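Trainee: Could you take me through one part of this model closely, namely the pockets and the ligands, and then say what else deserves a look in the backbone and the strands?

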Amino acid sequence: MISVPDATARILSAFAPLGPEIVALDQALGRVLSLPVTARLDHPPQAVSAMDGYAVRSEDVQQLPVRLKVVEAIAAGTLPARAIGAGEAARIFTGAALPQGADAIVIQENTEKDGDHVRIVDGGPAIKGKHIRATGNDFAQGQVGVAAGRRLTPSDIGLAAAMNWPWLTVTRQPRVAIISTGNELVQPGETLAPGQIIASNGFALAAFVAQCGGEAINLGIARDEESSLADLIDRAAGADLLLTSGGASVGEHDLVKGVLKAKGMVLDFWKIAMRPGKPLMFGTLGTAGGALKVIGLPGNPVSALVTATLFVGPAIARMLGETDVGPRIVKARLGIDLPANDVRQDYLRSAVTEDAQGFIATPFGKQDSAMLSALSRSGGLVIRAPHAPAAKAGSEVEMVRLG
Ligand SMILES: Nc1nc2c(c(=O)[nH]1)N[C@H]1C(S)=C(S)[C@@H](COP(=O)(O)OP(=O)(O)OC[C@H]3O[C@@H](n4cnc5c(N)ncnc54)[C@H](O)[C@@H]3O)O[C@H]1N2
Ligand code: MOO
């Protein structure tokens, strides 16, 4: 058995960012930028009004009330026809370009119309620059708006559009093939024969891969026979990563490692000193589609998802070129006493609440690695290092934050 940090380092060092591809802005949400987004123009491109009102020379509006001649009206999208001089103002609307000579905006609410003049009656003396957005106020040409390695949010996409990019260069999505194994497995919706259970791991893992930004290819269920497994493994050629679930342990029906090795897989490691997730396996298989990394996950549903969170998520993040490869580890205080730990690093499914001091994590009494219902209710996984001494309620621990 190797340690969790060792397993993490070995897995992460085996993955590198994939190549770039170009996507239209409306396809870019959640993708990871491969090249930074830099501004192709200043924004705003010229000084504009931030309010509906009148563009004035601030020196004309020091004593109220004051009456100014309105020389033109400027709407957003049109340019001023002329400069304003002493005693003059221009009617102006939000987003419209400021005329030469004007250095302040008086909002409409502080004015009264007076034929072709405007009377400024309220709001006090005009202040230079008031309600004016200067050229490049938001960003200047050449400025970096979104750094490479960032997963794009709606505001990033808005910013990229404002920076005048109709498309973006993002990292290709990792293709992650998923094989479930086991004679007992049937698809959700089917009627169970005696001894059968519903296959949930393929769906959970595919959802996890998609959430991480990968493209999941769920290849279905292999029977506990070498030929069935070998068939499905062949179909994973061309993927960047193959995940198997089940058949990773030591029983006679645990065939995954053997079949992969027979196909030429170079095993990096098998078994991690952790709970859940001990029988995890990692290796590389040469296929017709190139080198395929293989992470063999344990079959217990909680073990499969916990190890996916710790190892598959970071591997996908590395392939995407993300700057932060996770998982998200935070501090919490224990809600209950915990006994001393043994040789394996524990990840305790826990209810998580929050108070003014931060998170409180209360590990569930039952930590069975087949209990998906407990995982689904978990806000975090309390980490217990190998040989950690007993810990009292209230003491600080580290926790993998879920959700
Ligand atoms: N003698 C030992 N037995 C076991 C050990 C050990 O060290 N010595 N390790 C235990 C640990 S820890 C784990 S974890 C499991 C993992 O075993 P496998 O990866 O071989 O998983 P399976 O035996 O195939 O399945 C375990 C369990 O999970 C259910 N399962 C499997 N696939 C799915 C699926 N796609 N969806 C839902 N549920 C699934 C399966 O029916 C079993 O109940 O081994 C321990 N044994
Ligand atoms: O390590 Mo296994 O994953 O607990 O039940």
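Mentor: What follows takes the pockets, then the ligands, then some details of the backbone and the strands. Please keep in mind throughout that this is a predicted model.

The largest pocket holds about 790 Å³ of space. Its lining is made up of 25 residues, and those closest to the centre of the pocket are F208, Q211, C212, T309 and R401. Four elements each supply at least two residues of this lining, namely α3 (201-212), α6 (301-320), α7 (372-376) and β26 (396-401), and of the elements it is α6 that gives the most, with 6 residues. By residue class, the lining of the largest pocket divides into 13 nonpolar, 7 polar and 5 charged residues. At the level of domains, at least three lining residues are drawn from each of domain 1 (4-16 + 173-320) and domain 4 (329-401).

The second largest pocket has about 530 Å³ of space, and 36 residues line it, with G246, P298, G299, N300 and P301 lying nearest its centre. The elements that contribute two or more residues to this lining are β13 (175-181), β15 (197-198), α3, α6 and β23 (345-355), and the most comes from β23, which gives 4 residues. Here the lining residues divide into 11 nonpolar, 17 polar and 8 charged. Because domain 1 (4-16 + 173-320) and domain 4 (329-401) both give residues to the lining of the second largest pocket, this pocket lies between the two domains. As for the reasoning behind such a search, rolling a probe the size of a water molecule over the atoms shows where empty space is left.

Turning to the ligands, we can begin with ligand 1, which has 24 residues around it, and of these E184, S200, A248, K278 and G299 come nearest. G299 has already been named among the residues nearest the centre of the second largest pocket. The polar contacts of ligand 1 involve both side chain and backbone: an oxygen atom of the ligand is 2.6 Å from an N or O atom in the side chain of E184, another contact places an oxygen atom of ligand 1 at 2.9 Å from a polar backbone atom of A248, and a nitrogen atom of ligand 1 is 3.2 Å from a polar backbone atom of N201.

Ligand 2 is surrounded by P276, G277, K278, N300, S303, R344 and S369. K278 is also one of the residues that come nearest to ligand 1, and N300 is one of those nearest the centre of the second largest pocket. For G277 the contact is made through the backbone, one of whose N or O atoms lies 2.4 Å from an oxygen atom of ligand 2. Side chains take part as well, since a polar side-chain atom of S303 lies 2.5 Å from an oxygen atom of ligand 2, and an N or O atom in the side chain of N300 is 3.1 Å from an oxygen atom of this ligand.

P276, one of the residues around ligand 2, brings us to the backbone. The peptide bond from R275 to P276 is cis, with omega near 0°, and P276 is placed in the loop between β19 (274-275) and β20 (281-287). A cis peptide bond also joins L64 and P65, where omega is about -5°, and P65 is found in the loop between β4 (53-56) and β5. N164, which is not a glycine, has a positive phi of about 80°, and its place is in the loop between α2 (154-162) and β12 (167-171). These details are worth a look because most residues other than glycine have a negative phi, and most peptide bonds are trans.

The loop that holds P65 leads to β5, and the pairing of that strand can be followed on both sides of the description. Strand β5 (residues 66-74) pairs with strand β9 (residues 117-120) in the antiparallel sense over 4 bridges, and R67 has R119 in β9 as its bridge partner. With strand β6 (residues 88-92), β5 runs parallel, joined by 4 bridges, and A73 stands opposite R91 in β6. Strand β9 in turn is joined by 4 bridges to strand β8 (residues 111-114), and the two run antiparallel, with H117 in β9 as the bridge partner of D114. The hairpin of β8 and β9 has 2 residues between the strands, and there G115 takes a positive phi near 65°.

How values were computed
Residues numbered from 1 in each chain as written. Chains lettered and ligands numbered in written order. Predicted model: local features only at pLDDT ≥ 70, side-chain atom pairs only at ≥ 80, totals over all residues. Heavy atoms only, no water. 1 Å grid on protein atoms, 1.4 Å probe; cavity = no way out; pocket = protein on both sides within 12 Å on 5 of 7 lines; lining within 4 Å. Points joined across faces, edges and corners; volume = space filled by probe spheres on them. Nonpolar A, V, L, I, M, F, W, Y, C, P; charged D, E, K, R; others polar. Domains from an automatic or database assignment. Pairing = 2+ DSSP bridges. Near = heavy atom within 4 Å. Polar contact = N/O pair within 3.5 Å; in protein donor to acceptor, adjacent residues only side chain to side chain.
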